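The following exercises are to be worked through with the sequence and the structure at hand. Each task is followed by a solution in steps.

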Amino acid sequence: MADKQDAIALLKADHRKVEDLFEQFEKTSGEGRKQKIALEICLELTVHAQIEEEIFYPACEGKIEEDLLKEAYVEHDGAKVLIAEIEAGGPDDDFYDAKVLVLSEQIEHHVEEEEKRSSGIFAQAKKAELDMDRIGAELAARKQALMANYKSSGTPKPETTTFTEVTV
Ligand SMILES: [Fe+2]
Ligand SMILES: [Fe+2]
């Protein structure tokens with residue numbers, strides 16, 4: 001098991017890992033290799049969004065700007081739609097690379113909202129003095145369990161949290 005990380009360090013490390021995978025995807029040309037990286041991105045993002053929504057965001061509830069938190073949930077849901085598309089498709093699809101690229105752009109924006117200096121979600125959570133060590137331990141445990149589960153039985157079809165009105 002990795003060293004103990006506080007919540008913010010753990011979530012930021014996830015962000016860096018996914019950014020690195022997006023970069024690898026861009027540089028890779030073989031279809032099989034591209035798909036492998038894309039699926040890894042989908043797995044990482046699925047688990048990351050899930051632990052944020054199950055543990056970190058609820059801990060922020062009532063302690064940081066409500067609008068910002070709501071946007072974050074909707075941004076996750078937007079990403080889940082593309083994740084589902086990428087998981088269901090393959091590199092020979094006309095729009096495969098475009099979907100991965102647009103997902104990376106959406107994630108870049110979302111990560112900025114979380115990490116922005118002084119006004120981002122993480123900065124506000126720090127100011128609110130959340131118990132980052134305790135939350136970090138919870139995130140790490142849940143992440144480990146989900147990763148093991150999804151690696152053995154496949155990533156589940158993403159479920160949106162805030163999209164309720166239409167099915168596309
Ligand atoms: Fe995040
Ligand atoms: Fe997030």
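## Exercise 1: A charged network

Arg-16, Glu-19 and Glu-115 are linked in a network of salt bridges. The model is a predicted one.

**Task.** Determine which parts of the chain are joined by the salt bridge between Arg-16 and Glu-115, and state whether each partner is buried or exposed.

**Solution.**

Step 1. The general principle is that side chains of opposite charge can pair when their charged atoms come close.

Step 2. For Arg-16 and Glu-115, the closest N and O atoms are 3.0 Å apart, which satisfies the cut-off of 4 Å for a salt bridge.

Step 3. The pair links distant parts of the chain, as Arg-16 belongs to helix H1 (residues 7-27) and Glu-115 to helix H4, 99 residues apart.

Step 4. Arg-16 has a relative accessible area of 36% and is therefore partly exposed. Glu-115, at 23%, also counts as partly exposed.

## Exercise 2: Two further salt bridges

**Task.** A search of the whole structure finds 14 salt bridges. Characterise two of them, Arg-142 with Glu-54 and Asp-77 with Lys-80, by distance, location and burial.

**Solution.**

Step 1. In the salt bridge of Arg-142 with Glu-54, the closest N and O atoms are 2.6 Å apart. Arg-142 lies in helix H6 (residues 132-153) and Glu-54 in helix H2, so this pair ties together parts that are 88 residues apart in sequence.

Step 2. Arg-142 is partly exposed at 30% relative accessibility, and Glu-54 is partly exposed at 36%.

Step 3. In the salt bridge of Asp-77 with Lys-80, the closest N and O atoms are 3.1 Å apart. Both residues lie in helix H3, 3 residues apart, or about one turn of the helix.

Step 4. Asp-77 and Lys-80 are both buried.

## Exercise 3: The two iron ions

**Task.** Identify the donors of the iron ion (ligand 1) and of the iron ion (ligand 2), and find which residue is stated to coordinate both.

**Solution.**

Step 1. The iron ion (ligand 1) is coordinated by His-15 (NE2), His-48 (NE2), Glu-52 (OE) and Glu-114 (OE), at 2.1 to 2.2 Å. Along the sequence, these donor residues follow the spacing H-x32-H-x3-E-x61-E.

Step 2. The 4 donor atoms around the iron ion (ligand 1) subtend angles of 83 to 173°, so the arrangement is irregular.

Step 3. Around the iron ion (ligand 2), the protein donors are Glu-52 (OE), Tyr-57 (OH), His-76 (NE2), His-110 (NE2) and Glu-114 (OE), at 2.0 to 2.4 Å. Their spacing in sequence is E-x4-Y-x18-H-x33-H-x3-E.

Step 4. The iron ion (ligand 1) and the iron ion (ligand 2) are 3.2 Å apart, and Glu-52 coordinates both. Glu-52 in helix H2 and Glu-114 in helix H4 (residues 96-115) are 62 residues apart, and this pair links distant parts of the chain.

Step 5. Three of the donor residues may be assigned by accessibility. Glu-52 is buried at 0% relative accessibility, Glu-114 is buried at 0%, and Tyr-57 is buried at 0%.

## Exercise 4: Two buried side chains and their contacts

**Task.** For Glu-44 and Tyr-96, establish the helix and the contacts beyond four places in sequence.

**Solution.**

Step 1. Glu-44 is placed in helix H2. Its relative accessibility is 7%, so Glu-44 counts as buried.

Step 2. Beyond its neighbours within four places in sequence, Glu-44 is in contact with Lys-17, Val-18, Leu-21, Lys-143 and Met-147.

Step 3. Tyr-96 is placed in helix H4 and, at 1% relative accessibility, counts as buried.

Step 4. With the same neighbours in sequence set aside, the contacts of Tyr-96 include Phe-25, Gln-35, Ala-38 and Ile-86. Tyr-96 and Ile-86 are 10 residues apart in sequence, and their C-alpha atoms are 6.7 Å apart.

## Exercise 5: A nonpolar surface patch

**Task.** Which residues make the nonpolar surface patch of about 220 Å², and where is Val-74 placed?

**Solution.**

Step 1. The patch is made by Val-74, Val-81 and Phe-163.

Step 2. Val-74 is in helix H3 (residues 66-88).

Step 3. The relative accessibility of Val-74 is 41%, and Val-74 therefore counts as partly exposed.

Methods
Residues numbered from 1 in each chain as written. Chains lettered and ligands numbered in written order. Predicted model: local features only at pLDDT ≥ 70, side-chain atom pairs only at ≥ 80, totals over all residues. Heavy atoms only, no water. Patch = residues over 30% accessible without salt bridge, like charges linked within 9 Å, V, L, I, M, F, W, Y side chains within 5 Å. Areas by Shrake-Rupley, 256 points an atom, 1.4 Å probe, with all protein chains shown as cover. Salt bridge = Lys/Arg side-chain N within 4 Å of Asp/Glu carboxyl O. Helix = DSSP H or I, 4+ residues; strand = E, 2+ residues; numbered from the N terminus. Buried < 20%, exposed > 50% of the residue type's maximum accessible area, 1.4 Å probe, protein only. Donors = N, O, S within 2.8 Å, 3.2 Å for Na, K, Ca; no water. Tetrahedral: all angles 85-135°; square planar, octahedral: opposite > 155°, others 65-115°. Contact = heavy atoms within 4.5 Å.
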